[in-house]
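The following paragraphs walk through a single protein chain, moving from its charged pairs to its helix packing and then to a few individual residues. Please keep the sequence and the model open side by side while reading.

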Amino acid sequence: QKEKLLDEFNIDLRVVAIAGSSKMMLSTGDIGINLDTWEDEYANNAEPIDMDAFANHLRNNSDGIPNSVVVDCTASDEVSDFYVKWLQTGIHIVTPNKKVNSGPLSRYNKVRRLQRESYTHYLCEGTVGAGLPIITTLRGLVETGDRIQKVEGIFSGTLSYIFNTWTTDMKFSDVVKQARDNGYTEPDPREDLNGTDVARKVVTLAREAGMMIELDDVPIESLVPEPLRDPSISVDDFMAKLPDYDDEMAAKLAEAEAAGEKLRFVGVADVSNGKASVALGKYPAGHPFTTLQGSDNIIEFQTSRYTQGGSLIVRGPGAGAEVTAAGVFADLLKLTQYLGAPS
């Protein structure tokens, strides 16, 4: 891929630094780090992490390469705090990290202001829907003068899988265990079930649509039973005790089924009314949200142009390493176009 980009599009990408949570590796030559051997080199030769030295190496290692970019694939608030400094010094950012877009509004506004007022770029398509064109679609609507009324969707691949799989002859705890065993959940499923990740995506899209809200402004219906929310409870104990609450969840499912409806865990940014929410909702059979399969995401845009009944819908795989990596790489290639590479 690297050779193809250089030969066909004159895009010369070089990895000159790699950092983890505790150590980093900086290139020593002008051709960058060898991506065929970097894992062994990182394991054996990496030095303690120093974020200032990391950024200085990017700025001072140009050698004819005029542009530097940090690709932040962490979920770290600490790394996000460097974004303003990096942008101010001319380093572009590509990231699926949700912490800036859904974190403190003051930090978010600084990043967006720098993005607008300078020649540095901040690209974050991977923060919502992995590789799906969610933010691109929303920005396109806003920038062409459409008025966003509501953005609503199933933003969690984990919760999509759970509610697409769960039927009245199954226990809720068994479906959660199945999702965990299949690798759909975080190591601690409470991180999926508590709805916070969905809320971060809702805040991201709400802000893109003009709602300057904080994460705390979004009411979240957690699917973690109250007595099991204590972080001192281990994951194993949580999984062992979750069946005690199956009857409560079964009652909700039975109520929905009796009305000919399906349960779906949905995030909403109601721009027209200035409200956002994350909750378990009931939708009639045939509604687009009830037709998903597996762990797919679906996002519905209701706007002045696309009204209910004729709304704009984006759906597809919204979780997983491969599609997220594709989304991040697509942003990286978009950056090269902004910087003058052939389209």
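How many salt bridges does the count come to? The model is a predicted one, and in it the count comes to 16 salt bridges. A few of these can be followed one by one, together with the accessibility of the residues that form them.

A pair to begin with is Asp 12 and Arg 14, whose side chains meet in a salt bridge with an N to O distance of 3.0 Å. Asp 12 has a relative accessibility of 29% and therefore counts as partly exposed, and Arg 14, at 32%, counts as partly exposed as well.

Another salt bridge joins Asp 52 to Lys 85, with the closest N and O atoms 3.0 Å apart. Because Asp 52 lies in helix α3 (residues 51-60) and Lys 85 in helix α5 (residues 83-88), this pair ties together parts that are 33 residues apart in sequence. Asp 52 is partly exposed, given its relative accessibility of 40%, and Lys 85, with a value of 44%, is likewise partly exposed.

What, then, is the N to O distance at which the side chains of Glu 208 and Arg 139 meet in a salt bridge? For this pair the value is 2.9 Å. The salt bridge links distant parts of the chain, since Glu 208 belongs to helix α12 (residues 196-208) and Arg 139 to helix α8 (residues 134-143), and the two residues are 69 residues apart. Are these two partners buried or exposed? Glu 208 has a relative accessibility of 11%, so Glu 208 counts as buried; Arg 139, at 17%, also falls under the 20% limit and therefore counts as buried.

Salt bridges can also join into a network, and here Asp 77, Asp 81 and Arg 107 are linked in this way.

The pair Glu 208 and Arg 139 leads on to the packing of the two helices that carry these residues. Helices α8 and α12 pack with their axes 10 Å apart and at an angle of about 20°, which means that α8 is roughly parallel to α12, because angles under 35 degrees count as roughly parallel. The crossing in which α8 passes α12 is right-handed. On the α8 side the contact is made by Ile 134, Ile 135, Leu 138, Arg 139 and Val 142, and on the α12 side by Thr 204, Leu 205 and Glu 208, so that the salt-bridge partners Arg 139 and Glu 208 are themselves part of this contact. Sorted by class, the contact of α8 with α12 has five nonpolar residues, one polar residue and two charged residues.

A further helix pair is formed by α9 (residues 157-165) and α10 (residues 172-181), whose axes come within 10 Å and cross at roughly 135°. That angle makes α9 oblique to α10, and the crossing in which α9 passes α10 is right-handed. Which residues of the two helices meet? From α9 there are Tyr 161, Ile 162, Phe 163 and Thr 165, and these meet Phe 172, Val 175, Val 176, Gln 178 and Ala 179 of α10. By class, the contact of α9 with α10 has seven nonpolar and two polar residues, and no charged residues.

Away from the helices, Lys 150 has its place in strand β7 (residues 148-154). At 24% relative accessibility, Lys 150 counts as partly exposed. If neighbours within four places in sequence are left aside, Lys 150 is in contact with Val 268, Ala 269, Asp 270, Val 271, Glu 300, Phe 301 and Gln 302. The C-alpha atom of Lys 150 is separated by 44 Å from that of Ala 53, a residue 97 residues apart along the chain.

Two loop residues complete the walk. Asn 10, found in the loop between α1 (2-9) and β1 (17-19), has a positive phi of about 60° although it is not a glycine. Ala 130, in the loop between β6 (122-123) and α8, has a phi near 55°, again a positive value in a residue other than glycine. Which of the terms buried or exposed applies to Asn 10, and which to Ala 130? Asn 10 has a relative accessibility of 61% and so counts as exposed, whereas Ala 130, with a relative accessible area of 3%, is buried.

Technical notes: Residues are numbered from 1 along each chain as its sequence is written. This is a predicted model: local features need pLDDT of at least 70, side-chain atom pairs count only at pLDDT 80 or more; totals for chains, interfaces and linings use all residues. Side-chain values use heavy atoms; hydrogens and water are left out. Axes are lines fitted to C-alpha atoms, for helices over the stretch in contact, and angles run from 0 to 180 degrees between N-to-C directions. Helices (H or I, at least four residues) and strands (E, at least two) are DSSP runs, numbered from the N terminus. Angles under 35 degrees count as roughly parallel, over 145 as roughly antiparallel, 65 to 115 as roughly perpendicular and the rest as oblique. A crossing is left-handed if the near helix is turned anticlockwise from the far one by less than a right angle, and right-handed if clockwise. Contact means heavy atoms within 4.5 Å. Ala, Val, Leu, Ile, Met, Phe, Trp, Tyr, Cys and Pro count as nonpolar, Asp, Glu, Lys and Arg as charged, and the others, Gly among them, as polar. A salt bridge is a side-chain nitrogen of Lys or Arg within 4 Å of a carboxyl oxygen of Asp or Glu. Buried means under 20% relative accessible area, exposed over 50%, partly exposed in between (1.4 Å probe, protein chains only).
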